[in-house]
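Have a look at the fold before reading on. The notes below go through it piece by piece, from the whole chain down to single residues.

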Amino acid sequence: NPKLTKVTFMILVFVVTIISLNALIAFLGDSYQRIQESSIANMRKMRAMIVLEYIELMPAYKRLEVEKNSKYFHKLQPVDELQARTLEDNEWQGQIKAIKTSTRTIINELRNDLEKKFVEQSEVISELKEQNAAMKDILGSIHGLLEGDGGKTSEGEKEDEVEERKDIYKRKLKREGGGRGRG
């Protein structure tokens with residue numbers, strides 16, 4: 001269908017143009033912010049260069065007089081590699097890189113939290129499995145007592161045996177710390 005093709009083409013060109021302009025604006029804004037952050041340092045550097053030129057153009061006697069009356073002395077020295085790397089690391093990295101860094105940090109924190117919760121849940125599940133096995137043992141012994149008399153002749157003795165097994169189970173839960181309010 002030729003009309004649909006033309007309309008689709010026009011919409012696509014429009015969308016691509018908008019996205020391209022948006023990306024261009026973002027990159028220009030990023031560059032502008034980086035320049036703005038270093039503007040104070042550049043201004044001070046330019047002032048120092050002007051002062052240096054002025055001092056170099058002074059006659060020798062005037063230069064000596066300025067040196068005698070000066071209170072402050074500034075020493076410029078080359079930066080070693082470690083300091084240079086530290087300065088580069090501390091420089092402003094741009095909005096896109098900052099967003100990536102913060103996103104990675106958040107993802108790592110979430111991953112660590114999930115791993116901790118997974119370990120906790122695994123411990124709870126294993127604890128519940130142990131409790132389930134203990135309960136099955138108790139139920140088996142209770143079931144055995146109820147079906148056969150197990151050497152007991154009266155109903156009272158059977159009930160005493162059941163209560164004794166329940167008490168053993170409750171103490172076991174308390175001792176293991178797995179009671180969690182049950183028991």
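What follows is a quick tour of the chain, its confidence, its core and its surface.

Keep in mind that this is a predicted model. The secondary structure comes to six helices and zero strands, so to speak an α-α-α-α-α-α run from the N terminus on. Of the 183 residues in the chain, 9% count as buried. Contacts with a separation of 6 or more are in good part long-range in sequence: 61% of them link residues 24 or more positions apart. As for the outside, the chain exposes about 16700 Å², and 60% of that comes from carbon and sulfur atoms.

How far does the predictor trust its own work? Mean pLDDT for the chain is 79, with 77% of residues reaching 70 or more. Among the elements, helix 1 has the highest mean and helix 4 the lowest. Then there's the stretch 179-183, where pLDDT stays under 50. For those residues the model has seven contacts beyond four places in sequence.

| Element | Residues | Mean pLDDT |
|---|---|---|
| Helix 1 | 2-37 | 90 |
| Helix 4 | 81-90 | 54 |

Now for the inside. Which residues make up the largest nonpolar core? There are seven: A134, I138, I142, L145, V162, Y169 and L173. Helix 5 and helix 6 (155-176) each supply at least two of them, and helix 5 gives the most, with four residues.

A134 is a handy place to zoom in. This alanine is found in helix 5, which covers residues 95-147. Is A134 buried or exposed? Its relative accessible area is 10%, below the 20% cut-off, so A134 counts as buried. Leaving out residues up to four places away in sequence, A134 touches Y169 and K172. Y169 sits 35 residues from A134 along the chain, yet their C-alpha atoms are separated by 7.6 Å. Y169 is also a fellow member of the core.

The surface has a nonpolar story too. V7, I11, F14, V15, I18 and I19 make a nonpolar surface patch of about 580 Å². One of them, I11, has its place in helix 1, the element with the highest mean pLDDT. I11 has a relative accessible area of 51%, which is over the 50% cut-off, so I11 counts as exposed.

That leaves two residues to hold side by side: A134, buried at 10%, and I11, exposed at 51%.

Note on methods
Residues numbered from 1 in each chain as written. Predicted model: local features only at pLDDT ≥ 70, side-chain atom pairs only at ≥ 80, totals over all residues. Heavy atoms only, no water. Helix = DSSP H or I, 4+ residues; strand = E, 2+ residues; numbered from the N terminus. Buried < 20%, exposed > 50% of the residue type's maximum accessible area, 1.4 Å probe, protein only. Contact = heavy atoms within 4.5 Å. Core = buried A, V, L, I, M, F, W, Y, C linked by side-chain atoms within 4.5 Å. Areas by Shrake-Rupley, 256 points an atom, 1.4 Å probe, with all protein chains shown as cover. pLDDT = per-residue confidence, 0-100. Patch = residues over 30% accessible without salt bridge, like charges linked within 9 Å, V, L, I, M, F, W, Y side chains within 5 Å. Salt bridge = Lys/Arg side-chain N within 4 Å of Asp/Glu carboxyl O.
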